[in-house]
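Biologist: Hey, got a minute to walk me through this one? I'd like to go through it piece by piece.

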Amino acid sequence: MAPSAIAVVSRISYLASDVLVNVAGTNLASSFSPHFDKLYAFRPPKLFNVPNGADLGLRIPPISRDAPLVAITLDAERDVLTRLVPSLLTLASTPLVVNVAVNGDLSDILPLRTAVDFLIHSATVQQAHDNALLASRLARTERVIVLHAFQIHARGDVDEVDELKVKPFLEAPTKPGASQHHGNGDVTSNSLWSLVSVPLKEDQRMQQYRTAAWTTLALVNRPLLPLHYEGNRNAATAIISLGATIPSDSLPPGCVLFELSLVQPSPSVDLLTSLPAAVSHIICVEQIYGWPTKWTPLYLDLLALLQSIEPGHRPQLKSGVLAELPNSSREIHLGILGLIEDASSSNPHSRLTLGTVPSNAAEHRAKAPHVPKHEVAYIKALEHVFAERLEISNSPELVEIKGEVATRPEYALGRVENRLAERAELKAAVESLLRSNRETGVVSKSLQALLEKWLDVDPAAERDGRLENEIIRELNSHAIDHPTLQNIASLTHQFRSTSHWIIGSDAWSYDLGSSGLHHAIASGLNVNLLILDTTPYSARRAADPETRKKDIGLYAMNYGNVYVASVAIYSSYGHVLRTLIEADKFQGPSVVLAYLPFVSENDSALEVLKETKLAVDSGYWPLYRWNPSKANEPFSLDSEVIKANLQEFLDRQNHLSQLVASEPQLAAELVTSLGSKLNDARSQKASEAYEAMLGGLGGPPLLVLYASDGGTAEKYAKRLATRAKARGLTTRVQTMDSFPIDELKQEESVAFITSTAGQGEPPQNGRDTFKALNAAATRGETLFATLKYAVFGMGDSHYWPRPEDAHYYNKPGKDLDRRLEQLGGERMADLGLGDDQDADGPMTGYKAWEPLLWKALGVGEVEVTEAEPEPVTNEHIKIASNYLRGTIAEGLKDTSTGSLAPSDGQLTKFHGIYEQDDRDIRDERKARGLEPAYAFMIRVRMPGGVCTPAQWLDIDRISDVHGNGTFKLTTRQTFQFHGVIKKHLKPAIQAINRALLDTIAACGDVNR
Ligand SMILES: Cc1cc2nc3c(=O)[nH]c(=O)nc-3n(C[C@H](O)[C@H](O)[C@H](O)COP(=O)(O)O)c2cc1C
């Protein structure tokens, strides 16, 4: 018996991959599993069976490091495929083949098209074999994700490749010329291609596909084509199909059939060069039964493609379903005739169909998703606490009524919003009714008493629903003849206060910036989110011990008006219940992070328990509650073990705390006086060191002045200074604008380094110097009688690529060099120019320039033996910053200064914040012994520069409350706030977040 498609694909996956991940169902087996057991390979892959609820985006990276090829095998089940989308995005640069066994319907596969680089479909066993090889080669050589979907019931014989040839085939280098188009042969001159009015170009992906297909052909001796065709080359009707194969002997004479193999990228050129020019009708049939919209994916691709044909020659395009075909070719033949007739009729069938759509297809679509058994523990806890009051807004049961959309967080949030609005309407109606009842008397005394009581009751306190049952009973026996009473009667389901919960996985909320979580938090609604984290601690630790997982809790706390808690049901059930109650009571969004580590549904409760204990006791999963309604002490740590450890630590520090507790005044004095003493001591030390350096070293002085926006010129300047010191020169390094021109006159030797900003402009911290020098030159002054100078300019000769803009290249450096000469300075070394475009970047020019300077300063011959310390760069600061935290949090609390520490100044850029000071009053403040008037600029991150009217109003408000009352629209397509003082930084950013915007990576250097 010939092997089945699943057997051949299992074999190729096994032989080709280095890591093989088999996504298995509840019994830890997939359709592939039995085949793997029988296979043998010289170099077998590492095989992992992963349960189908697992987050592959988390699971795969740690096991696939440096693996030349990773393969995933899975059955086409909707739940699994839907969860695959975010995982595939995480796995973007992994060489990965996903082999999916499809049972006819491709509805669940096609939505994955945009999440992968290639999507290949196989309709016969031979194709499944050849395409599995092609997919492996493609994924491995191009490091891309290839989805290979094959029909599990495919038929036909198969010629299988020898085991020992597979790895050499994958490892062989690519032969030159292999990407030549080798389409379907000689039809080009007589094809639609000759009627194309807009030329088409193939993209890189298509070239990559052709190269891999060419290499595979050499192995299997069969061409691998993006599409196969059969039938009459002069046909007027073409059927383009995606799905199970249509036998060629069933084709009517005037018909040509194209079966698509490559779905992503769309093989446009192959289609146009293969479709006969005589074709007047195209029917595109796709094996998808339950597509939610009228426009199916292949149909849309073809429609777009036909736009490139001259209008008078465009064939008509119709879309249809390729359903299950009958067994006999004769019946299929009749079916195709019927399809062609339907397509050309002026009153076609509602949906063109070839074959019969299976009767269970529609039911299949609305099946409620499976809830893993362990998760039920949390749902039970919710039911335990809230009983009738509980409403899970994205409950799987809703799927059967509302369709799949019901599981989406956006849907759930909309549902909650609607419910809350209804309840508010009911309250308002009851209040208005009671107010007017004195005059109208429409409500009986007993109903009035009940309604008054209802308005007074704490909703969370009434669990049993007795009061609202009484109200409803009373209402039912009451005459409903008043409009407000009628309104109330239509909202009786709202008398019962509901506890609204949305349940999500951590994968769902992982992309913090754009997930439903973000929206739920920012909505400010009284909604509760229970977010389950199922990653076992030991798996996470083994996978990635270095990086910390994104902390949803910290993120939510940052908003300031969200109840946040972290619980673990297998660690403390009581803590879970207490938290759920508090979350419900809190009037606003609540986020409860719930730990539930399990690998498969078969894990025993004991295993989950052990894993939970490990995570909680080690501090990986701390138990805590953060309740903003407790203004004085919102945070409580509930993990017993960590609490004990912390207490021990605090006890050791106790003597200081006791002092502070008994004499708070003394403590403050201690701290502040110590602070100012420290400052004094620091400046004293600095000036002593400076004097010592000047006196002690005695070498010729060199002042290095730089102007730099992005830090590159600064790095070069500091490097120059370090190297000058190593040559015995008495060196100082400063920004140009921090060095007064008057003092510059006294200097002997100065090296200037300036980069280029804007359009040939000097960087921000050199602009005043440039202005002052220009002004002096205009006045015809000779400022410098003794100054010797050398200039090194830095720029990018391609920054403004048009020939007429060439003068912007390195303009400030060139201008400065000329200007200094004009003002009387003596050039000690020729102008040096660094160009980003040089092989070594600016370093190429710098290496030529620096020796000229040493020569001019008389230290050209000095041998430097000591290794020069590497200057501290932004990258060093970033690496040492604990993921861009630095000491920003401490700096924000320090009320003794309006600025942040210089290293934090670098870090805040990555949070969209620049520290500035008011230059106009800088000198005046300095003279008064005050620090500069620091304030911050905040730049908002706004993709595409688009905001809603509501966001605009929010921004306006934020600038009034936290900034200087204005905001700028910048050429960077976003908003900027100015004049935000340190105290307002945090609330400003929180308010921006609440407007569903953020500031992350809005400033800073190019490595964000
Ligand atoms: C916004 C911007 C504008 C620039 N404009 C010019 C220019 O007009 N001419 C030029 O030669 N280089 C230009 N450059 C290139 C920079 O001068 C060059 O990359 C330099 O190394 C940056 O140094 P810095 O990091 O110290 O600012 C520009 C760079 C940026 C980021």
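Modeller: Sure, let's start with Ser-30, which lies in the loop between strand S1 (19–24) and helix H2 (33–38). Helices (H or I, at least four residues) and strands (E, at least two) are DSSP runs, numbered from the N terminus. Bear in mind that this is a predicted model: local features need pLDDT of at least 70, side-chain atom pairs count only at pLDDT 80 or more, and totals for chains, interfaces and linings use all residues. Residues are numbered from 1 along each chain as its sequence is written, and side-chain values use heavy atoms, with hydrogens and water left out.

Biologist: Okay, is Ser-30 buried or exposed?

Modeller: Ser-30 is buried, at a relative accessible area of 9%. Buried means under 20% relative accessible area, exposed over 50%, and partly exposed in between (1.4 Å probe, protein chains only).

Biologist: And what does the side chain of Ser-30 touch?

Modeller: The side chain of Asn-22, through a polar contact of 2.7 Å. A polar contact is a pair of N or O atoms within 3.5 Å; within protein, one must be able to donate a hydrogen and the other to accept it, and residues adjacent in sequence count only if both atoms are side-chain atoms.

Biologist: What about Ser-93, buried or exposed?

Modeller: Ser-93 is exposed, with a relative accessible area of 54%. You'll find Ser-93 in the loop between helix H4 (78–90) and strand S4 (96–102). From C-alpha to C-alpha, Ser-93 is 9.4 Å from Glu-142, and the two are 49 residues apart in sequence.

Biologist: Switching to helices. Which residues of H3 are buried?

Modeller: In H3, which covers residues 56–64, they are Leu-56, Gly-57, Ile-60 and Ser-64.

Biologist: Why do the buried residues of H3 line one face of the helix?

Modeller: Looking down the axis of H3, its buried residues fall within an arc of 90°, so they line one face. The arc is that of the directions from the helix axis to the C-beta atoms. After H3 comes Asp-66, whose phi is positive, near 60°.

Biologist: Now strands. How many residues of S9 are buried?

Modeller: Six of the six in S9 (residues 255–260). Cys-255, Leu-257 and Glu-259 point one way, while Val-256, Phe-258 and Leu-260 point the other way.

Biologist: Which strands pair with S9?

Modeller: S7 (residues 227–231) pairs with S9 in the antiparallel sense over five bridges, and S8 (residues 237–242) does so in the parallel sense, also over five bridges. Two strands pair if DSSP finds at least two bridges between them. Opposite Phe-258 in S9 stands Tyr-229, and opposite Val-256 stands Ala-238.

Biologist: Last topic, the ligand. How many residues surround the ligand?

Modeller: 21, and the closest are Ser-708, Thr-712, Thr-756, Trp-800 and Asp-836. To be near the ligand, a residue needs one of its heavy atoms within 4 Å of it.

Biologist: Which polar atoms come up close by?

Modeller: A polar side-chain atom of Thr-712 is 2.6 Å from a ligand oxygen atom. A polar backbone atom of Gly-760 lies 2.8 Å from an oxygen atom of the ligand.

Biologist: And where is Ser-708?

Modeller: Ser-708 is in the loop between strand S21 (701–707) and H27. Ser-708 is buried too, with a relative accessible area of 7%, and its side chain reaches the backbone nitrogen of Glu-714 at 3.5 Å.
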